Amino acid sequence: MIKGNFIDNLPKVYGIYTGGFIGFIIIMAIGEQMGMTSKTIGICFVAFTVAIYAIIGYLSRTAQADAYYVAGRQVPTVFNGMATAADWMSGASFVAMAGGIYFKGYGYMALLVGWTGGYVLVASLLAPYLRKFGCYTVPDFIGTRYGGNLSRFLAVVVLTVASFTYVTAQINATGTIASVALDIPFQYAVYVGLISILLCSMLGGMRGVTWTQVAQYIVLIIAYLLPVFWISNKMGAGFFPHFMLADEVARIGELEQQFGFVKNAAADLKTVPKGLAGITKAHSAVNATPWAFISLALAMMMGTASLPHVMMRYFTTPSVKAARKSVGWSLFFIFLLYSSAPMLATLSKLSLIDPSLPTGIIGKSIAEVQAIDWYQNWNQADLMFVSDFNGNGTLELNEFFMGGKAVVLATPEIAGLPYVISGLVAAGGMAAAMSTADGLILAIANALSHDLYYKIIDPKAETAKRLVVARVLLVVIGFAGATIAAMEIQGILGSVIWAFDFAMSGLFFPLVLGVWWKRANREGAIAGMALGLISGAWYLIWVRTGGSGFLGITQLTFGIFGSAVSLVSMVVVSLMTSAPNAATQKMVDEVRVPSGRSILGKQ
Amino acid sequence: MSKQTQHWEKTRGLLFTTLAIWFVFSIGIFLFGAEMESVTGPFGYPLTYWFTCQGSLGIFVILIFWFANRQEKIDEEFGFTERGDD
């Protein structure tokens, strides 16, 4: 069926794959009609998709450094865009984002702007130049541009701190989904998730991760969009929700006016299970100060441009030109999901609170709500709760509580969609969390094996030995991440945002100025990375331990402080020490034009 | 002025234009979130809401493709395109 080389056949291969996946969904739907239990459907969805990724991972196995680290630099633009989108959209984007919008409205939507606007910085400031450089990892660029083992080492430290914070959250998310879908305890499910993740990356490195991420993107985007369109049509809200929900948004505003946001007494709130929240903020109205919104968006944008697992995806394109275009495609594929999240939040909220809809529960009697099947299921899963605080027997807006995850996970069931959709959503969430975890673990393992081991400790190591070290590190880091994830220290979304702040504190200005300011030198970069990371971390600890903070910078935006310190110290120290030598200046000149050989050449 | 300096000057000009547009739609308009709220935007959404959930995001996508094309033109003009790429 398929002739010739794999790269030329990509559209065909993934076309067949997509068709096969849709076929699988239909088979499951028929199975449901014929009496398959919801548990079996859930297991089938997760097991089938993970098995496919494992097969792709196995077929992509390689023993070449170029293929292992940068997928042979031959990933076409559009496919790299899909892989980046999957790499980028984590369990947080898939499972938590719509929930955040549902509860916090406008103030939270700063994340939508921040997590997309950052790509403009990636495209214009960094990606094409780093691609021209021809590095394997982000610290590779820092180490070569500025010279010296210390600068390389510091870049590895920042990368590890940021990515490790991020990856525990993703393994946590895979564990959560695996434990629900396979019905096993979370402590074991975390390791099931981890093994699935390692199956994709262990043998093929970047090549394996690239082709599984494309497959995972296809699963996650179908799993996100299908329910949104279906629910919208079923509610009669319009066949294309993105363009047709204005009335629904306005209707939520009316209902908010009608119900009012009643403040619950502290004693009443104590009875609500941990992690659940009620609707206390306006859905579409502006509810945050301009600075609160802008500072969060800005921190996420600068963080995007400093996160190494995203940047390294652009090392895999065939050319500098392709790297630029590929950023555009990445954002397009991300846009498809991000522009749907507010629509899902709107549909979910309206179907719950509008008394004129058959699914609406506000205004019904408490006993009636407690008797609903889906309420009982999600109440058992600790994701939904009602309580008659005012004792009038009727459910009010302030008496209904829900977990953030429930918006994505439970809405299909609430809207009366068949269970097969819930299984599909579980598979999509798994794909989102796995693909990001893979990218992150690989970024850390590659930095440690390439920059720390090969470049600093043993520069004479043979390729085979380097790749063994890389794989051992991959497993070690994975297990370390899973062990920490199993302890459940922080929530998913909080730690993801911290990762952005850590990355921007230490890496944003050393990377950007490395290309755009010839005068930047080694001493400046070392000061920028070290002081940026230290001051950012200090600010976070200070605010967490009761510090008041300043300029409205919170624990979610501490990167703004860290990166400001980084910029100032880098500029001051660079100007106080001697300019980089002629060879380095020439190297920067070469990085700035697409033509000619890459700086590091073929290794 | 050498060809390389001219190329870099144009590239930097494009960067500033791109970042200016980026700044307007990621930061600038959100200074006026409350003021834009009563204005009806595309598809009937309140304007602020539309920008946060579709407008700015879509503009970023278009902006990156526009930037990539312009940069390619600049590279061509000075003969700095890569050989043999797709």
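# Notebook: chains A and B

I began at A:Ala178, which touches A:Val46, A:Ala189, A:Val192, A:Gly193 and A:Met430, leaving aside residues up to four places away in sequence. I note here that the model is a predicted one.

**A:Ala178.** I placed A:Ala178 in helix α8 (residues 149-182) of chain A. Is A:Ala178 buried or exposed? I found 27 other C-beta atoms within 10 Å of A:Ala178, and 20 or more count as buried, so A:Ala178 is buried. I then looked up the spacing to one of its contacts, A:Val192. The two residues lie 14 residues apart along the chain, and their C-alpha atoms are separated by 7.4 Å.

**A:Val568.** I went next to helix α25 (residues 558-576) of chain A, where A:Val568 sits. I counted 15 C-beta neighbours inside 10 Å for A:Val568. That number falls between the limits of 12 or fewer for exposed and 20 or more for buried, so A:Val568 is partly exposed. How far apart in space are A:Val568 and A:Gly596, C-alpha to C-alpha? I read 34 Å, for a pair 28 residues apart in sequence.

**Helices α1 and α2 of chain A.** For packed helices I look up the angle between the axes and the distance between the axes. Helix α1 (residues 10-33) of chain A packs with helix α2 (residues 38-59) of chain A at about 165 degrees, and their axes are 11 Å apart. Because angles over 145 degrees count as roughly antiparallel, I wrote down α1(A) as roughly antiparallel to α2(A). The crossing of α1(A) past α2(A) is right-handed. Which residues make the contact? From α1(A) I listed A:Phe24, A:Met28, A:Gly31 and A:Glu32, and from α2(A) I listed A:Ile41, A:Cys44, A:Phe45 and A:Phe48. Sorted by class, this contact has 6 nonpolar, 1 polar and 1 charged residues.

**Helices α6 and α16 of chain A.** I then turned to helix α6 (residues 110-133) of chain A and helix α16 (residues 320-338) of chain A, whose axes come within 8 Å and cross at roughly 165 degrees. With that angle over 145 degrees, I entered α6(A) and α16(A) as roughly antiparallel to each other. Their crossing is right-handed. On the α6(A) side, the residues in contact include A:Trp115, A:Tyr119, A:Val122 and A:Arg131. On the α16(A) side, I picked out A:Arg324, A:Val327, A:Leu331 and A:Phe335, among others. By class, I have 14 nonpolar, 3 polar and 3 charged residues for the contact of α6(A) with α16(A).

**Chain B against chain A.** How many residues does each chain bring to the contact? I have 41 residues from chain B and 43 residues from chain A. On the side of chain B that touches chain A, the elements giving two or more residues are α1, α2 and α3 (47-77) of chain B. Of these, α3(B) gives the most, with 18 residues. The residues on that side of chain B divide into 22 nonpolar, 13 polar and 6 charged.

**Confidence.** I closed with the predictor's own scores. The complex has an ipTM of 0.94 and a pTM of 0.91. Chain B has a mean pLDDT of 87, and 94% of its residues reach 70 or more. Which element of chain B has the lowest mean pLDDT? I found helix α2 (residues 33-36) of chain B, at 80, while helix α1 (residues 3-26) of chain B has the highest, at 92.

Conventions:
Residues numbered from 1 in each chain as written. Chains lettered and ligands numbered in written order. Predicted model: local features only at pLDDT ≥ 70, side-chain atom pairs only at ≥ 80, totals over all residues. Axes fitted to C-alpha atoms, helices over the stretch in contact; angles between N-to-C directions. Helix = DSSP H or I, 4+ residues; strand = E, 2+ residues; numbered from the N terminus. Parallel < 35°, antiparallel > 145°, perpendicular 65-115°, else oblique. Left-handed = near helix turned anticlockwise from the far one by under 90°. Contact = placed C-beta atoms within 7 Å. Nonpolar A, V, L, I, M, F, W, Y, C, P; charged D, E, K, R; others polar. pLDDT = per-residue confidence, 0-100.
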